[in-house]
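Got the viewer open? Here's a tour that takes you from one selection to the next, with a note on what to look for at each stop.

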Amino acid sequence: MKDLINEHSGIPLYYQIKELIREKIENGNWKSGDKIPNEVDLAKNFSVSRSTMRQAILELVNEGILTRKKGVGTFVSKPKIEGNFISFTFPEELGTKHTPISIKVIEGTAGKLKVLNLKDQEKVFEIIRLRFFNDEPAAIEKSYIPVGLIPDLLDNNLEGKLIDLITEKYGIIMTKYQNSIEPVLIDSFEAKVLEVEQNQPALKITKLLMTPQGNPVILFTSIIRGDRCKVQFSSEIQL
């Protein structure tokens with residue numbers, strides 16, 4: 001493997017090694033679930049220091065290409081799940097499983113009241129759920145819905161898609177939305193619920209769903225695992 005790196009190229013050795021490992025995975029030499037050699041053996045194979053090797057491995061772990069299991073070793077991660085997470089449309093084969101973590105009525109904060117176009121002291125439902133893809137925890141979803149809009153919302157089964165429930169049972173059509181997306185690091189609570197390590201990269205997606213007239217209905221905030229999910233979207237070039 002030493003012959004594959006160029007010590008005089010100006011490109012850091014750890015980066016060259018990282019890309020070579022990525023290539024082995026993409027070419028199928030190391031497959032999903034395979035345990036890769038330990039840092040000591042890899043460092044010898046590449047004729048580099050262990051610290052250089054560790055940096056290459058760590059970056060691949062942070063990118064979700066590799067997964068570390070404490071006391072066991074480092075493994076090639078499962079392929080990332082692709083979906084249009086920005087518009088909250090996911091492949092049907094991923095399922096619709098949601099497990100409620102917390103459901104309660106709260107007084108809306110100033111920020112949420114403004115977004116939902118509510119007055120002071122108006123109450124909102126706060127619904128926090130764990131979203132699964134193929135029975136694997138993938139995202140934490142927080143939903144905020146005005147109590148005055150759907151007073152009996154909590155009488156329903158909240159383990160499915162809230163959008164479908166509100167549209168089909170209450171006849172509230174939502175055709176407009178505003179989105180924002182930003183990179184974040186998973187905190188201790190999120191790490192515990194998602195069964196990952198703290199400070200892993202994630203995507204925070206905030207979405208406000210509205211009626212055709214522009215009246216707010218649901219404010220969503222989702223923390224989506226960066227190691228298992230990839231945002232996919234398409235558009236047309238305007239000529």
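How many bridges join S8 to S9? Select strand S8 (201-210) and strand S9 (216-225) and you can trace the answer: nine bridges join them, and the two strands run antiparallel. One pair to pick out here is lysine 204, which stands opposite isoleucine 223 in S9. Now follow the chain from S8 round into S9: the two make a hairpin with five residues between them. Click on glycine 214 in that turn, where phi is positive, at about 90°.

Before moving on, a word about what you're looking at. This is a predicted model. The protein chain has 239 residues, and 41% of them count as buried. Colour by secondary structure and you should find six helices and ten strands. Take the contacts between residues at least 6 apart in sequence: 59% of those join residues at least 24 apart.

**Stop 1: the open sheet**

Keep S8 and S9 selected and add their partners. Six strands form an open sheet, and reading across it gives the order S4-S5-S6-S9-S8-S7. The pairing is antiparallel. At the edges sit strand S4 (98-107) and strand S7 (176-185), each of which pairs on one side only. On average, neighbouring strands in this sheet are turned by 15° against each other, ignoring direction.

Go to the S4 edge. S4 and strand S5 (residues 123-133) run antiparallel, joined by nine bridges. Select histidine 98 and look across to S5, where its bridge partner is arginine 131.

Next, step to the pairing of S6 and S9. These two are antiparallel as well, with six bridges. Label lysine 142 and you'll see it standing opposite threonine 221 in S9. While S9 is on screen, colour it by burial: ten of its ten residues are buried, so the strand is mostly covered.

**Stop 2: the helix on the sheet**

Which strands does helix H5 touch? Select residues 162-170 to bring up H5, then look at the sheet it packs on: H5 touches S5, strand S6 (136-146), S8 and S9. The direction of H5 makes about 160° with that of S9.

Within H5, select isoleucine 166. Is isoleucine 166 buried or exposed? Its relative accessible area is 0%, so isoleucine 166 is buried. Show its surroundings, leaving out residues up to four places away in sequence, and you'll find isoleucine 166 touching Ile145, Ile150, Gly171, Ile172, Met174, Val217 and Ile218. For a distance to try in the viewer, go from the C-alpha atom of isoleucine 166 to that of isoleucine 218: the separation is 9.8 Å, with the two positions 52 residues apart along the chain counted as their spacing.

**Stop 3: a small hairpin and the largest pocket**

Select strand S1 (66-69) and strand S2 (73-76). They form a hairpin with three residues between them, and glycine 71 in the turn has a positive phi of about 80°. The strands run antiparallel, with four bridges joining S1 to S2. Two pairs to label are lysine 69 with its bridge partner glycine 73, and arginine 68 opposite threonine 74.

Stay with S1, and switch on the surface. The largest pocket has a volume of about 550 Å³. Which element gives the largest share of its lining? That is S1, with four residues. Helix H3 (50-62), S2 and S6 also give two or more residues each. In total, 25 residues line the pocket. To centre your view, select Thr67, Arg68, Gln200, Arg225 and Asp227, which lie nearest the middle of the pocket. Colour the lining by class and you get eight nonpolar, eight polar and nine charged residues.

**Stop 4: a loop residue**

For the last selection, go to asparagine 29, in the loop between helix H1 (13-26) and helix H2 (39-46). How does asparagine 29 count in terms of exposure? Its relative accessibility is 47%, so asparagine 29 counts as partly exposed. Setting aside neighbours within four places in sequence, asparagine 29 is in contact with Lys24 and Asp34.

Definitions and conventions:
Residues are numbered from 1 along each chain as its sequence is written. This is a predicted model: local features need pLDDT of at least 70, side-chain atom pairs count only at pLDDT 80 or more; totals for chains, interfaces and linings use all residues. Side-chain values use heavy atoms; hydrogens and water are left out. Two strands pair if DSSP finds at least two bridges between them. Axes are lines fitted to C-alpha atoms, for helices over the stretch in contact, and angles run from 0 to 180 degrees between N-to-C directions. Contact means heavy atoms within 4.5 Å. On a 1 Å grid over the protein atoms alone, a cavity is a set of points where a 1.4 Å probe fits but cannot get out, and a pocket is an open set with protein on both sides within 12 Å along at least five of seven lines; lining residues have an atom within 4 Å of a point. Grid points are joined across faces, edges and corners, and a volume is the space filled by probe spheres set on the points. Ala, Val, Leu, Ile, Met, Phe, Trp, Tyr, Cys and Pro count as nonpolar, Asp, Glu, Lys and Arg as charged, and the others, Gly among them, as polar. Buried means under 20% relative accessible area, exposed over 50%, partly exposed in between (1.4 Å probe, protein chains only).
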